[in-house]
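Hi everyone, thanks for coming. Let's have a look at the structure on the screen together, and stop me if a word is new to you.

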Amino acid sequence: VMDGFTLGFALSEEIQSKLMVLGNMANAVILCRVSPKQKGEVVELFRRYHPKQVTLAIGDGANDVGMIQAAHVGIGIRGKEGLEAVLSSDFAIGQFRFLDRLMLVHGRWCFKRMSKLIYAVLYCAVIWGLMDFWNSFQNAFSGYPILDPLLYGLYTIILTPIPLLILAVWDYDCPQDYSLMYPELYRKSQQRAMLKYQNFLFWMFTGIAQSAWIYYSLYLGFCTGLTYASSTGKVQGYSSLGMIAMAIVLFTLHAQLSLYVGAWNMYMIALWIISATIFLYAAVIFSTPILATGLAPNYLMAAQDAWQLSQTWMLFFIVPLMCVIPSMTMRFLRKNQRPSLKDMIIESSLKGVHRETFDPYFTAPAVQKKLPAFTRRDEPVKPSLLVVYDDRGNNQSREELRDLFVPDYEALREKMAGQLKR
């Protein structure tokens with residue numbers, strides 16, 4: 001325990017290192033009666049001596065603004081001391097008891113969502129970006145794209161944002177009550193288990209391997225006559241190869257990312273199916289004579305001829321399935337042979353098993369009562385709330401009430417003088 005006067009000497013350059021050594025040895029450090037400047041200096045000192053640690057500062061007043069801005073994560077409490085802390089913070093809560101839910105539930109969810117989003121964005125770029133690389137070995141490195149540039153733009157604007165949005169906004173693994181019931185899950189976030197080089201290399205290798213498998217499966221299929229001529233007698237060519245490759249990449253991408261979605265609902269399933277199949281309709285529209293004649297004559301009726309072949313739909317099913325089987329097998333074996341704490345908690349949540357049923361030392365958190373309705377301080381009070389009725393039912397205005405409640409200063413002065421004489 002240290003007060004502000006002593007802390008002023010401890011923050012000097014000669015004693016800073018000793019203060020940090022002493023603080024690391026203690027279980028908790030309490031600083032009382034410190035100035036706003038000292039609060040920020042303590043946070044900056046900790047960040048300087050522990051650059052790999054993440055700091056969090058929480059406060060409810062203007063004197064906590066420096067500390068909140070100095071920390072990695074600043075949390076402001078909306079209280080009776082103004083809105084300065086809330087306006088300068090990263091997150092705002094109404095009461096201090098909401099901190100556990102903010103960290104154990106929403107903080108953990110946010111970290112896992114951002115981690116999955118980073119890997120998914122890199123994976124989407126690799127699996128389709130390498131298609132031109134593999135194709136360059138077959139076109140003598142001429143630089144001719146495998147697909148029309150107009151359809152290229154749809155990949156990042158329309159075709160892939162929906163699964164990325166679901167992973168970044170709606171995805172979660174453990175329900176809220178089980179995340180609060182098992183605070184041990186938060187250790188993985190502190191250890192940054194999701195952001196590791198092994199995970200990065202796995203996603204990069206997966207994208208490279210799947211991209212090569214998709215391209216050379218199509219290339220061998222076209223070379224061996226797997227894609228025959230359509231009913232109109234038109235033989236599938238280079239334009240059909242690009243469209244079929246794009247469709248298979250999208251099916252593979254959605255199947256691969258679906259393995260890492262923790263919770264599904266009807267809206268997510270509907271959006272996922274629409275995102276995976278929308279290219280089939282976009283390609284048909286692009287290949288119509290109205291658009292293809294002026295934009296890309298080589299793609300005239302290319303999608304219509306390719307989609308009506310049974311061999312094309314067989315490729316749509318077999319190639320993506322072969323791409324995701326290794327990832328499916330690895331996840332299945334890991335969850336069944338070497339389940340982690342998270343896997344066991346998710347299994348218990350699905351079966352409705354609570355921790356207090358088998359852990360005698362665990363006490364279930366009390367059910368929080370619903371807060372009563374209240375009026376915010378910064379909201380204007382309605383005039384109807386200012387009308388007061390007396391015993392006879394007559395309403396009184398604000399000015400009349402103000403006159404009624406004016407203190408009688410003369411009587412109070414005489415009363416205080418009488419008490420002093422006694």
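I'll start with the whole chain, then go to one helix and its salt bridges, then the loops, and end on the surface.

First, a bit of housekeeping. This is a predicted model, where local features need pLDDT of at least 70, side-chain atom pairs count only at pLDDT 80 or more, and totals for chains, interfaces and linings use all residues. Residues are numbered from 1 along each chain as its sequence is written, and side-chain values use heavy atoms, with hydrogens and water left out.

Okay, the whole chain. It has 19 helices and seven strands. By helices and strands I mean DSSP runs, numbered from the N terminus: H or I and at least four residues for a helix, E and at least two for a strand. Of the 422 residues in the protein chain, 36% are buried. Buried means under 20% relative accessible area, exposed means over 50%, and partly exposed is in between, with a 1.4 Å probe and protein chains only.

Now contacts, meaning heavy atoms within 4.5 Å. Take the contacts in the chain with a separation of 6 or more: 69% of them are between residues 24 or more positions apart. And the accessible surface comes to about 26600 Å², with 64% of that belonging to carbon and sulfur atoms. Those areas come from the Shrake-Rupley method with a 1.4 Å probe, and for residues, only the protein chains shown count as cover.

Next, please find helix α6, residues 99–136. The expected span of a helix is 1.5 Å times one less than its number of residues. For the 38 residues of α6 that gives 56 Å, and the end C-alpha atoms are 54 Å apart, so the two agree. There is a bend in α6, though: about 30° at Gly107. That's the angle between axes fitted to the seven residues ending there and the seven starting there.

So what does α6 hold on to? Let's look at salt bridges, where a side-chain nitrogen of Lys or Arg is within 4 Å of a carboxyl oxygen of Asp or Glu. By this rule the count is seven. Here's one of them: Asp173 and Arg108 meet at 2.8 Å, N to O. This pair links distant parts of the chain, since Arg108 is in helix α6 while Asp173 is in the loop between α8 and α9, 65 residues apart. Both Asp173 and Arg108 are buried.

Asp173 also forms a salt bridge with Lys112, with the closest N and O atoms 3.8 Å apart. Again, distant parts of the chain are linked: Lys112 is in helix α6, 61 residues from Asp173. Lys112 is buried, like Asp173.

Then there's Lys116 with Asp171, where the closest N and O atoms are 2.7 Å apart. Lys116 sits in helix α6 and Asp171 in the loop between α8 and α9, 55 residues apart. Lys116 and Asp171 are both buried. As for a network, shared partners join Arg108, Lys112 and Asp173 into one.

One more residue in helix α6 is Ser115. Is Ser115 buried or exposed? It counts as buried, because its relative accessibility is 1%. Not counting residues up to four places away in sequence, Ser115 touches Met194 and Leu195.

On to the loop between α6 and α7, where you'll find Ile146. Ile146 is buried because its relative accessible area is 0%. Leaving aside neighbours within four places in sequence, its contacts include Trp128, Tyr215 and Tyr299. Phe141 lies in this loop between α6 and α7 too. Most residues other than glycine have a negative phi. Phe141 has a positive one, near 55°, and at 56% relative accessibility Phe141 counts as exposed. Arg33 also has a positive phi, about 55°; Arg33 is in the loop between β2 and α3 and is exposed at 79%.

Last stop, the surface. Trp213, Met314, Phe317, Ile318, Leu321, Met322 and Ile325 make a nonpolar patch of about 660 Å². Patches are made of residues with over 30% relative accessible area and no salt bridge, joining like charges within 9 Å and nonpolar side chains (Val, Leu, Ile, Met, Phe, Trp, Tyr) within 5 Å. The largest share of the patch, six residues, comes from helix α16, residues 310–337. Met322 is found in α16, and its 42% relative accessibility makes Met322 partly exposed.
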